[in-house]
Amino acid sequence: MSGFLKAQTLGDVFKHLAIMAAIVFLLLFLFFFVYLPSTTNHGETISVPNLAGMSVDELEDFLADKDLRFYVSDSTYEQGKQPFTVITQEPKAGEKVKEGRKIYVSINMKNPPLIKMPKLIDGSVKNAEMILKSYDLNLGDIKYVPDLAENSILRQFVNGREIKPGEPVAKGSRIDLEVGNGLGNTELEVPELVGMPIDEATMVVTGQGLQIGTVIYMAAPNGEVDGIVLKQRPISGDSVKTKIRTGELIDLWVAGPQPITPIQ
């Protein structure tokens, strides 16, 4: 044996070097392709499960059974989802990872964050809906009240309390609106317009905060001059409706042909 290991010639030296290289190669092969795979499950992967909607309490046991871990990397708030449940995850569900991989999750907060209340006053209900949606707020009840600003928002409320623009409000809150119906609170006697020229009647109506409704031109039954008001609705002094509110309409029947430019 000692004679085998003893190098007598240069050829023996190369022989010994070749044997040592073979032994090193064999050891490396066994380490990387036998020992390492058996201890680290080299090449084996796991499909990441879908964690969306799961609570934090469920995650640890659920992932431990699959040789995975989790880490809460962020928290946010989404309406309609339970507190402390998973909203997003990384890696995504279905991706392949090695055992022991950490899954980063974003959790839904228990309490919604506070934001500044947007300004809805003086805008339309349709515009308010778009603004509320962009702020993650919800449109609540709409109450129409007497006001000449028709369909214009007059006040905004949260839980029955008026809230001003810029005040703090929780995301997801219901915002109730008070909106003008186009009519005022003031009640007036219905003006007598029959027999007036249409221009004069228009001045009387608009001067009292009322509006001209439908204007119908017709042949004069008694030879009235063109442009004279023949009838009106509601009728002045009508026992059924003698009062009219500011902003309401009065329809007129006028003698003569329809003018090219309608009466405003």
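# A tour from strand β8 outward

Select Phe-157 to begin: Phe-157 stands opposite Glu-162, which belongs to strand β9. What you are viewing is a predicted model.

**Stop 1: the β8 and β9 hairpin.** Now show residues 153–158 and residues 161–162. These are β8 and β9. The two strands run antiparallel, joined by two bridges. How many residues sit between the strands of this hairpin? There are two. Pick out Asn-159 and check its backbone: Asn-159 has a positive phi near 55°.

**Stop 2: the other partner of β8.** Keep β8 on screen and add residues 174–180, which form strand β11. Here too the pairing is antiparallel, over four bridges. Select Ile-153, then look across to β11. Its bridge partner there is Val-179.

**Stop 3: helix α5.** Jump to residues 198–207. Which residues of this helix are buried? Colour Ile-198, Ala-201, Thr-202 and Val-205. They span an arc of only 100° around the axis, so they lie on the same side of α5. The general rule is that an α-helix has 3.6 residues a turn, so residues three or four places apart point the same way.

Give a second colour to Asp-199, Met-203 and Gly-207. These are exposed, on the other side of α5. Then bring up three strands: β13 (211–218), β14 (229–233) and β16 (249–255). The buried residues of α5 pack against them. Before leaving, click on Gly-209, just after the helix; its phi is positive, about 80°.

**Stop 4: the loop at Pro-113.** Find β5 (102–108) and β6 (114–116), then the loop between them. Pro-113 is in that loop. Is Pro-113 buried or partly exposed? Its relative accessible area is 29%, so Pro-113 counts as partly exposed.

Add Tyr-77 to the selection. In sequence, Tyr-77 and Pro-113 are 36 residues apart; in space, their C-alpha atoms are 7.4 Å apart. Tyr-77 is also one of the contacts of Pro-113, once neighbours within four places in sequence are set aside. Show the others as well: Val-169, Ala-170 and Lys-171.

**Stop 5: a nonpolar patch.** Finish on helix α2, residues 10–40. Switch to a surface view and select Ile-19, Ile-23, Phe-25, Leu-26, Leu-27, Phe-29 and Leu-30. Together they make a nonpolar surface patch of about 690 Å². Zoom in on Leu-26, which lies in α2. Leu-26 has a relative accessibility of 47%, so Leu-26 counts as partly exposed.

Definitions and conventions: Residues are numbered from 1 along each chain as its sequence is written. This is a predicted model: local features need pLDDT of at least 70, side-chain atom pairs count only at pLDDT 80 or more; totals for chains, interfaces and linings use all residues. Side-chain values use heavy atoms; hydrogens and water are left out. Patches are made of residues with over 30% relative accessible area and no salt bridge: like charges are joined within 9 Å, nonpolar side chains (Val, Leu, Ile, Met, Phe, Trp, Tyr) within 5 Å. Accessible areas come from the Shrake-Rupley method with a 1.4 Å probe; for residues, only the protein chains shown count as cover. A salt bridge is a side-chain nitrogen of Lys or Arg within 4 Å of a carboxyl oxygen of Asp or Glu. Buried means under 20% relative accessible area, exposed over 50%, partly exposed in between (1.4 Å probe, protein chains only). Two strands pair if DSSP finds at least two bridges between them. The arc is that of the directions from the helix axis to the C-beta atoms. Contact means heavy atoms within 4.5 Å.
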